[in-house]
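User: Could you take me through one small part of this protein slowly? I would like to see what surrounds a single acidic residue and where its partner sits.

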Amino acid sequence: MTCNTLILGLGNVLLTDEAAGPTVVAQLESETAPAAQLRFLDGGTLSFTLAPPIEECERLIVVDAAAMGESPGSVRVFEGAAMDRQVSRPATSVHEVSLADLMDMVRLTERLPARRALIGIEPALVDWGDGLTPAVTAAVPQAIAQVRALLACWDAQDGTQP
């Protein structure tokens with residue numbers, strides 16, 4: 001299946017704020033018209049099995065909890081080369097493989113989407129728990145707005161309609 005844009009949420013839903021990515025993607029999917037050329041995917045804690053869906057898409061947006069050294073609930077967008085730099089930084093992660101490893105694998109096939117971005121949400125707590133902390137819960141609408149803004153910007157640059 002070929003899609004225009006893959007919106008990939010990463011994180012472990014059993015580890016409080018680590019669930020930020022899947023939470024944002026699930027909410028965004030529920031608010032999006034089925035006709036949109038978007039594919040929503042809960043990528044869990046990452047795996048090399050995510051390489052094919054990334055290779056099949058023209059554009060990629062990853063939403064993930066990211067330790068950026070900012071206040072909990074902060075949302076930042078890293079686009080293109082800035083995303084590559086951010087994901088290549090050493091970090092502790094509960095992910096099976098790193099996002100950098102996955103991106104490098106796709107890069108080897110020469111099918112890494114030219115338009116790609118990471119929307120990082122600074123976690124307050126990553127520990128056993130089944131819900132986001134208040135700071136990260138409050139950041140979910142901002143992260144969704146950032147996804148929509150990216151899509152609108154890319155659509156305008158590509159001369160396409162949403």
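Analyst: Let's start with one short link: the side chain of Asp 17 comes to 2.7 Å from the backbone nitrogen of Ala 124. That is a polar contact, a pair of N or O atoms within 3.5 Å; within protein, one must be able to donate a hydrogen and the other to accept it, and residues adjacent in sequence count only if both atoms are side-chain atoms.

A word on the source: this is a predicted model, where local features need pLDDT of at least 70 and side-chain atom pairs count only at pLDDT 80 or more, while totals for chains, interfaces and linings use all residues. Residues are numbered from 1 along each chain as its sequence is written, and side-chain values use heavy atoms, with hydrogens and water left out.

Where are the two partners? Asp 17 belongs to the loop between β1 (3-10) and α1 (20-30), and Ala 124 to the loop between β5 (115-121) and α5 (134-158). Helices (H or I, at least four residues) and strands (E, at least two) are DSSP runs, numbered from the N terminus. Thr 16 and Ala 124 are 108 residues apart along the chain, yet 8.8 Å separates their C-alpha atoms.

Now for the surroundings. Asp 17 is buried, whereas Ala 124 counts as partly exposed because its relative accessibility is 42%. Buried means under 20% relative accessible area, exposed over 50%, and partly exposed in between (1.4 Å probe, protein chains only). Despite being buried, Asp 17 has no salt bridge, which would be a side-chain nitrogen of Lys or Arg within 4 Å of a carboxyl oxygen of Asp or Glu. The nearest side chain of opposite charge, that of Arg 76, is 17 Å away; here Lys and Arg count as positive and Asp and Glu as negative, while His and the chain ends are not counted.

What else does Asp 17 meet? Leaving aside neighbours within four places in sequence, Asp 17 is in contact (heavy atoms within 4.5 Å) with Ala 65, Pro 123, Ala 124, Leu 125, Leu 132, Thr 133 and Val 136. Seen from the other side, and not counting residues up to four places away in sequence, Ala 124 touches Asp 17, Pro 72, Thr 133 and Val 136. Thr 133 and Val 136 thus appear among the contacts of Asp 17 and among those of Ala 124.
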